[in-house]
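Work through the exercises below with the sequence and the model at hand. Each task is followed by a solution in steps.

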Amino acid sequence: MAHPRHEFVRARAGAVCEYCRLPEALYPGPYTTEHIIARQHGGSDRDDNLAYACGHCNLHKGPNIAGLDPATGLLTRLFNPRVDVWNDHSEWSGHILTSRTPVGRTTGVVLAMNDAMARVVRAALLAEGVFPPIPPA
Ligand SMILES: [Zn+2]
């Protein structure tokens with residue numbers, strides 16, 4: 001069952017995954033309303049703790065709120081779509097996600113944004129001329 005705020009969260013996000021920026025219309029599966037700070041960690045059910053996520057990002061994020069920055073090994077929080085600007089932390093190099101900051105790097109690794117499946121999907125969309133679909137917000 002969808003979260004009661006699903007339609008609001010979907011509209012606020014423009015039907016785009018707030019982590020990997022892939023539009024819902026281009027993804028082969030349902031998107032979900034997820035808790036940025038997981039309930040397990042005391043995260044609220046308010047709109048400012050909800051984000052719209054594709055199945056890939058939601059699956060890999062799970063209850064994670066932080067990870068180890070692959071460049072430094074330091075414990076680093078994940079990207080928060082409610083307070084962070086995507087383009088400040090990450091960018092596309094073709095179909096590969098590259099990161100500008102520790103938060104971007106850590107989120108890219110924890111959410112497996114460059115794993116084989118994600119790269120194959122984005123490469124196919126790039127070849128079709130529909131990726132990157134919109135300027136990152
Ligand atoms: Zn995603």
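The expected span of a helix is 1.5 Å times one less than its number of residues. The model used here is predicted.

**Exercise 1. Check the length of helix H5 (residues 116–128) against its expected span.**

Step 1. Helix H5 has 13 residues.
Step 2. At 1.5 Å a residue, H5 should span 18 Å.
Step 3. The end C-alpha atoms of H5 are 18 Å apart, which agrees with the expected span.
Step 4. Just after H5 comes glycine 129, with a positive phi of about 80°.

**Exercise 2. Find which residues of H5 are buried, and say where they sit around the axis.**

Step 1. Buried means under 20% relative accessible area, and exposed means over 50%.
Step 2. In H5, Ala118, Arg122 and Leu125 are buried.
Step 3. These residues cover an arc of only 60° around the axis, so they lie on the same side of H5.
Step 4. The other side of H5 has Val120, Ala127 and Glu128, which are exposed.
Step 5. The packing partners of the buried H5 residues are helix H2 (55–61), strand S5 (90–93) and strand S6 (96–99).

**Exercise 3. Describe the largest cavity by its volume, its lining and the classes of its lining residues.**

Step 1. Searching the whole structure gives 2 cavities of 30 Å³ or more.
Step 2. The volume of the largest cavity is about 110 Å³.
Step 3. The largest cavity is lined by Cys20, Leu22, Tyr27, Cys54, His56, Cys57, Met113, Met117, Ala118, Val121 and Arg122.
Step 4. At least two lining residues come from each of H2 and H5, and H5 has the largest share, with 4 residues.
Step 5. Sorted by class, the lining of the largest cavity holds 9 nonpolar, 1 polar and 1 charged residues.
Step 6. Ala118 and Arg122, buried residues of H5, are both among the lining residues of this cavity.

**Exercise 4. Do the same for the second largest cavity.**

Step 1. The second largest cavity holds about 50 Å³ of space.
Step 2. Its lining is made up of Tyr19, Phe79, Trp86, His89, Ser90, Leu97, Gly104, Thr107, Gly108 and Met113.
Step 3. Helix H3 (86–89) and helix H4 (102–110) are the elements that give two or more residues to this lining.
Step 4. H4 contributes the most, with 3 residues.
Step 5. By class, the lining of the second largest cavity has 5 nonpolar, 5 polar and no charged residues.
Step 6. Met113 appears in the lining of the largest cavity and also in that of the second largest.

**Exercise 5. Are alanine 15 and alanine 112 buried or exposed?**

Step 1. Alanine 15 is in the loop between helix H1 (6–12) and strand S1 (32–35).
Step 2. Its phi is near 60°, a positive value in a residue other than glycine.
Step 3. Alanine 15 has 16% relative accessibility and therefore counts as buried.
Step 4. Alanine 112 is in the loop between H4 and H5, and its phi, also positive, is near 50°.
Step 5. Alanine 112 has 15% relative accessibility, so it counts as buried.

**Exercise 6. Classify alanine 66 by accessibility and list its contacts beyond four places in sequence.**

Step 1. Alanine 66 lies in strand S3 (residues 66–68).
Step 2. Its relative accessibility is 26%, so alanine 66 counts as partly exposed.
Step 3. With neighbours within four places in sequence left aside, alanine 66 is in contact with Leu75, Thr76, Arg77, Leu78 and Val110.
Step 4. From alanine 66 to valine 110 the separation is 44 residues in sequence, and 8.1 Å in space, C-alpha to C-alpha.

Note on methods:
Residues are numbered from 1 along each chain as its sequence is written. This is a predicted model: local features need pLDDT of at least 70, side-chain atom pairs count only at pLDDT 80 or more; totals for chains, interfaces and linings use all residues. Side-chain values use heavy atoms; hydrogens and water are left out. Buried means under 20% relative accessible area, exposed over 50%, partly exposed in between (1.4 Å probe, protein chains only). The arc is that of the directions from the helix axis to the C-beta atoms. Contact means heavy atoms within 4.5 Å. On a 1 Å grid over the protein atoms alone, a cavity is a set of points where a 1.4 Å probe fits but cannot get out, and a pocket is an open set with protein on both sides within 12 Å along at least five of seven lines; lining residues have an atom within 4 Å of a point. Grid points are joined across faces, edges and corners, and a volume is the space filled by probe spheres set on the points. Ala, Val, Leu, Ile, Met, Phe, Trp, Tyr, Cys and Pro count as nonpolar, Asp, Glu, Lys and Arg as charged, and the others, Gly among them, as polar.
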